[in-house]
Amino acid sequence: MSIEVTSLAKSFGSSVAVEDVSFEVPAGSLMALLGPSGGGKSTVLRMIAGLEVPDAGTVRIDGEDVTRLPARSRGIGFCFQHYAPFRHMTAWENVAFGLKIRHRPKAEIAARVAELLELVRLSGFADRYPSQLSGGQRQRMALARALAVEPRVLLLDEPFGALDAQVRKELRTWLRELHEKVAVTTVLVTHDQEEAMEVADQIAVIREGRLEQVGTPAECYDHPASEFVLTFLGPATRINGAWVRPHDLALSLEDRPGARRGTVERIVRLGFETRVEVVLDDGTDTWVQLAGRALDELALSLGARVYVSMEHARDFSAVASSPTV
């Protein structure tokens, strides 16, 4: 089931939440709506779901215009960040709920719930109540509940937003594996760039209610349509008036052709990577991203005199200044 969004617009009073947003989600793919908080991502998702009525534009699912169709008639599975499980029901009962109210046969319900609990790795937790599950387990239960009724499309609104960083990483990997198994057309709202890059087939970058760019993670990262996409989707810094990726810059203790001299102002170790912030001699700030043992090999310290070179760095300035889609 494909999703086609055309010229969606939505205002709340005098506040414009979404303006002229268009994109298409191919059948069986996963698209991430990525952008800062308050940028309109969730409003777009709610209009796809039928929870908000657009002021203008259309929503089509598998070619059918569902713009004015009630949410219950769209065949959508929805999973929120705060999904409110039924606390008095076990995991099995939570997943079975949607099937029971649709009066499915008991044997069908039992088989479907067993299949889904195994799929989301909760087979051994069927009799536990939500309070007896971890945050990650509760989110997997919520996704199983959304999938139980075999929705035409699956909409996820910051499903991992309330979880800690390590659990988020684990669930990202799990979500990608789950999507490959069930292949239901999915739209994921997130403000986490790494999450979008890791799980999505395509990314729609949204800021202040407007669409900045649509493309694969690689296309958006390597060919950003605007300065915002460049700086939001990955690290970027400026040197010689050019926008570059800091991991493409070279740092040395000896002068090189075209290098800029500066002073190390700050060193931040981030596990395998290190951020070295440099004040160039002309007073401008830049930073270099080093990997592995490069910092130890340079034996850098605060106040050290260094040379920053963009010999092998790509200049994104022209790309970032081009018009958005």
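This is a short talk about a predicted model, covering one sheet, a few helices and some single residues.

Okay, hi everyone. Remember as we go that we're looking at a prediction. Let's begin with the sheet.

There are 6 strands in it, and the sheet is open. Reading across, the order is β6-β7-β8-β3-β9-β10, with mixed pairing. Which strands stand at the edges? Those are β6, residues 76-80, and β10, residues 210-215. Each has a single partner strand, so one side of each has no neighbour in the sheet. From one strand to the next, the twist averages 15 degrees.

Now find β3, which covers residues 30-34. It runs parallel to β8, residues 185-190, and 5 bridges join the two. If you want one pair to look for, take Ala32, whose bridge partner in β8 is Leu188. There's also a helix lying on this sheet: α1, residues 41-49, touches β3, β6, β7, β8 and β9. The direction of α1 makes about 150 degrees with that of β7.

Back to β3 and its other neighbour. β3 and β9 also run parallel, with 4 bridges between them. Here you can look for Met31, whose bridge partner in β9 is Gln202.

So is β3 enclosed or open to the outside? Well, 5 of its 5 residues are buried, so the rest of the structure largely encloses it. Here's a bit of background: side chains in a regular strand alternate between the two faces of the sheet. In β3, Leu30, Ala32 and Leu34 point one way, while Met31 and Leu33 point the other way, and all are buried.

Let's move on to the helices. When two helices pack, people describe them by the angle between their axes and the distance between the axes. Our main character is α2, residues 91-101, and we'll start with its partner α3, residues 106-119. Their axes come within 10 Å and cross at roughly 135 degrees. That makes α2 oblique to α3. As for the hand, the crossing of α2 and α3 is right-handed.

Who's touching whom here? On the α2 side we have Trp92, Val95, Ala96, Leu99 and Lys100. On the α3 side it's Ile109, Ala110, Arg112, Val113, Leu116 and Leu117. Sort the residues of the α2 and α3 contact by class and you get 9 nonpolar, no polar and 2 charged.

The next partner is α4, residues 135-148. What angle do α2 and α4 pack at? About 25 degrees, with their axes 7 Å apart. That makes α2 roughly parallel to α4, since angles under 35 degrees count as roughly parallel. The crossing of α2 and α4 is right-handed too. From α2, the contact uses Ala91, Asn94, Val95 and Leu99, and from α4 it uses Met141, Ala144, Arg145 and Ala148. By class, the contact of α2 with α4 has 6 nonpolar residues, 1 polar and 1 charged.

Why would residues spread along a helix end up pointing the same way? An α-helix has 3.6 residues a turn, so residues three or four places apart point the same way. With that in mind, here are the buried residues of α2: Ala91, Asn94, Val95, Ala96, Gly98 and Leu99. What covers them includes α3 and α4.

Let's zoom in on Asn94, which sits in α2. Its relative accessible area is 0%, so Asn94 counts as buried. If we skip its neighbours within four places in sequence, Asn94 is in contact with Pro85, Phe86, Met89, Pro130, Met141 and Arg145.

A few backbone details before I stop. Just after α2, His103 takes a positive phi of about 60 degrees. Ser7, in strand β1, isn't glycine either, and its phi is positive, near 50 degrees. Ser7 is partly exposed, at 32% relative accessibility. Then there's Glu158, in the loop between β7 and α5. Glu158 has a positive phi of about 45 degrees, although it is not a glycine. Is Glu158 buried or exposed? Its relative accessible area is 10%, so Glu158 is buried.

Last one: Leu270, in strand β14. At 53% relative accessibility, Leu270 counts as exposed. Leu270 and Gln289 are 19 residues apart in sequence, and their C-alpha atoms are 10.0 Å apart in space.

That's it from me, thanks for listening!

Note on methods: Residues are numbered from 1 along each chain as its sequence is written. This is a predicted model: local features need pLDDT of at least 70, side-chain atom pairs count only at pLDDT 80 or more; totals for chains, interfaces and linings use all residues. Side-chain values use heavy atoms; hydrogens and water are left out. Axes are lines fitted to C-alpha atoms, for helices over the stretch in contact, and angles run from 0 to 180 degrees between N-to-C directions. Angles under 35 degrees count as roughly parallel, over 145 as roughly antiparallel, 65 to 115 as roughly perpendicular and the rest as oblique. A crossing is left-handed if the near helix is turned anticlockwise from the far one by less than a right angle, and right-handed if clockwise. Contact means heavy atoms within 4.5 Å. Ala, Val, Leu, Ile, Met, Phe, Trp, Tyr, Cys and Pro count as nonpolar, Asp, Glu, Lys and Arg as charged, and the others, Gly among them, as polar. Two strands pair if DSSP finds at least two bridges between them. Buried means under 20% relative accessible area, exposed over 50%, partly exposed in between (1.4 Å probe, protein chains only).
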